[in-house]
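Colleague: Please take a close look at one part of this model, the loop residue whose backbone stands out, and set that residue against the rest of the chain. I would like one connected account, with the reasoning left visible.

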Amino acid sequence: MTGGHETMSKWEVVIGIETHAQLATNSKIFSGSSTDFGAAPNVQANAVDIALPGVLPVLNKGAVECAIRFGLAVDGEVAAKSVFARKNYFYPDLPKGYQISQYELPVIVGGRLAIQLGQGDSLSEKVITLTRAHLEEDAGKSLHEDFHGKSGIDLNRAGTPLLEIVSEPDMRSSAEAVAYAKALHALVRWIGICDGNMQEGSFRCDANVSVRPVGQQKLGTRREIKNLNSFRFMQQAIDYEVQWQIAEIEEGRSIQQATVLFDAGTGATSAMRSKEDAHDYRYFPDPDLLPLLIDRDWVERTRASMPELPVAKRDRFVAQYSLSSYDATTLTASREVAGYFEEAVAVGGIGSAKICANWVTVDLAARLNKEGREIGESPVSPHQLGGLVARIADKTVSNNIAKKVFESLWSDEGKTADDIIEQHGLKQITDSSAIEVLINGVLAANASMVAEFKAGKEKAFNALVGQAMKATKGKANPQQVNELLRKKLGE
């Protein structure tokens, strides 16, 4: 489904995102059951998880610690008192008939998250406001395949700790929604509260999408796209939903509030059920759980243990290493990449920071992407890359030779750039007199090219440079070759 630019210009898209981040605890939020992924069905669901008579939930302190870390990271208010409530609904994978969540008094109130839009010189920043973040337990999982027409229930996920993070409807396009989801995904991984594994369901987003005529203040009727587990699917789902809603309204039909699913195969959304409101869930405080009280000492102890946050690190990279905002933003996309870069710079020298940034974000990133590796799996350590960057900075090797050294480092773990440069005789020739002798030979052997250059054909000069670099086996400084060659041809 597509729409023309003229049609889109009449409508404003409004998007809010609800995200469920599975917290990085060893046990569940109200029981001691394991949260490990991949176990055989129903082996990690104990008496508390399946609500056998007489059992009582006990709150996991580690889950609360994660919530506090998130609140501090987004500059939200960590509530001194929050309350757990029962959210009542009946579904096969919810053994209790209710989910323990938070409603009127959540653990985190407010907050903000900056997102980056565009690239290069067109890079801009937008701040998305957060409504709240609250603790809750996950439900089990219904399985509909390989059961001969029946469904199976796996309760291993029941009771897994979640932090539900709710944004304000501040996003105006699928691109902004994806940028927000990526920034939030990076942040929860950065502060160590969620592994962010979308394939395993550790980070799931629901997008509330509506449209309204440009200039109208009242929000349109929203439809919630559930369980988006990839950024690509999120963009596709929102784009389809927006076009569908516009088409419906322009054809005279009204939008009905609903929960919808996205089918990656067809690229379309379809209604699953009418959207419930809060009163449908009959929230009330859970009588088995006391209010959660968090004192200031706990908050301050947690604050002291927090890592430098992405925005602060990005700003420091710009100030300390004279990097562009775009480079600094790319390098702070993950804590692992930022750490790798700083380790490499510590070896290569602060003066080589820009060269190092280019190698980390371009050459290293391309090679890792090609082989499907994370930066922590790189065969080239930050110490090795820093050593190579140092040799580029002091002109021991040219950029072209450096690429050959990098390939050797990738395939021959343990060696340093200096080892490889020495072993293969790759030092750059910087002796002007030696380069001049080789250039004289090139000019004598290519008289026709010289004549073409003097006749005004600049391409002939590039060809002569190529011949000169070939004569030096690529080991001459290209800038030096250019300067000496122009001097010779001028004579």
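Modeller: A residue is called buried when its relative accessible area is under 20%, exposed when that area is over 50%, and partly exposed in between. Lys-395, at 45% relative accessibility, therefore counts as partly exposed. Please keep in mind throughout that this is a predicted model. The residue sits in the loop between helix 10, residues 382-393, and helix 11, residues 399-411. What sets its backbone apart is a phi of about 65 degrees, which is positive although Lys-395 is not a glycine. Most residues other than glycine have a negative phi.

Arg-282 makes a useful companion, for its phi is near 50 degrees, again a positive value in a residue other than glycine. Arg-282 is placed in the loop between strand 15 and strand 16, the latter covering residues 284-285. Because its relative accessibility is 46%, which falls between the 20% and 50% limits, Arg-282 counts as partly exposed.

To place these loops in the whole, one can begin with the inventory of the protein, which holds 16 helices and 17 strands. The radius of gyration is 29 Å, well over the 23 Å that the globule rule gives for 491 residues, so the protein is more spread out than a compact globule. Along the principal axes, the C-alpha trace spans about 95 × 55 × 50 Å. Of the 491 residues, 47% count as buried, while the protein exposes about 24200 Å², with carbon and sulfur atoms supplying 51% of that area. Among contacts with a separation of 6 or more, 69% come from residues 24 or more positions apart. As for charge, the mean positions of the 54 positive and 63 negative charges are 4 Å apart.

Some buried residues provide the contrast with Lys-395. Leu-135, in strand 8, residues 124-137, has a relative accessibility of 0% and so counts as buried. Its C-alpha atom is 5.8 Å from that of Leu-162, although the two residues are 27 apart in sequence. Leaving aside neighbours within four places in sequence, the contacts of Leu-135 include Leu-23, Ile-29, Val-64, Phe-84, Val-107, Leu-162, Leu-163 and Leu-292, and among them are also Ser-101 and Gln-102.

Gln-102 leads on to strand 5, residues 98-102, where Tyr-98 is found. Tyr-98 has a relative accessible area of 14%, which is under 20%, and is therefore buried. The C-alpha atoms of Tyr-98 and Arg-86 are separated by 5.9 Å, with their positions 12 residues apart along the chain, and a polar contact of 3.3 Å joins their side chains. Not counting residues up to four places away in sequence, Tyr-98 touches Arg-86, Lys-87, Asn-88, Tyr-89, Glu-137 and Asp-286.

Strand 15, which bounds the loop of Arg-282, covers residues 268-274 and holds Thr-269. This threonine has a relative accessible area of 10% and so is buried. Its side chain is joined to that of Glu-241 by a polar contact of 2.7 Å. Beyond neighbours within four places in sequence, Thr-269 is in contact with residues including Arg-223, Ile-225, Ala-237, Tyr-240, Val-260, Leu-261 and Phe-262.

A loop position can be buried too, as Thr-332 shows. This residue lies in the loop between helix 7, residues 325-331, and helix 8, residues 335-348, yet its relative accessible area is 7%, which is under the 20% limit, so Thr-332 is buried. Trp-190, Pro-310, Lys-313, Arg-314, Phe-317 and Ala-338 are in contact with Thr-332, neighbours within four places in sequence being left aside.

One further loop residue, Ala-45, lies between strand 1, residues 11-22, and helix 2, residues 61-73. Its contacts, not counting residues up to four places away in sequence, are Lys-28, Ser-33, Ile-50, Leu-155 and Asn-156. Ala-45 and Ser-124 are 79 residues apart in sequence and 46 Å apart in space, C-alpha to C-alpha.

To return to your request, Lys-395 is a loop residue with a positive phi of about 65 degrees, and at 45% relative accessibility it counts as partly exposed.

Terms used: Residues are numbered from 1 along each chain as its sequence is written. This is a predicted model: local features need pLDDT of at least 70, side-chain atom pairs count only at pLDDT 80 or more; totals for chains, interfaces and linings use all residues. Side-chain values use heavy atoms; hydrogens and water are left out. Helices (H or I, at least four residues) and strands (E, at least two) are DSSP runs, numbered from the N terminus. The radius of gyration is taken over C-alpha atoms; the globule rule is 2.2 Å times the number of residues to the power 0.38. Buried means under 20% relative accessible area, exposed over 50%, partly exposed in between (1.4 Å probe, protein chains only). Contact means heavy atoms within 4.5 Å. Accessible areas come from the Shrake-Rupley method with a 1.4 Å probe; for residues, only the protein chains shown count as cover. Lys and Arg count as positive and Asp and Glu as negative; His and the chain ends are not counted. The place of a charge is taken as NZ of Lys, CZ of Arg, CG of Asp or CD of Glu. A polar contact is a pair of N or O atoms within 3.5 Å; within protein, one must be able to donate a hydrogen and the other to accept it, and residues adjacent in sequence count only if both atoms are side-chain atoms.
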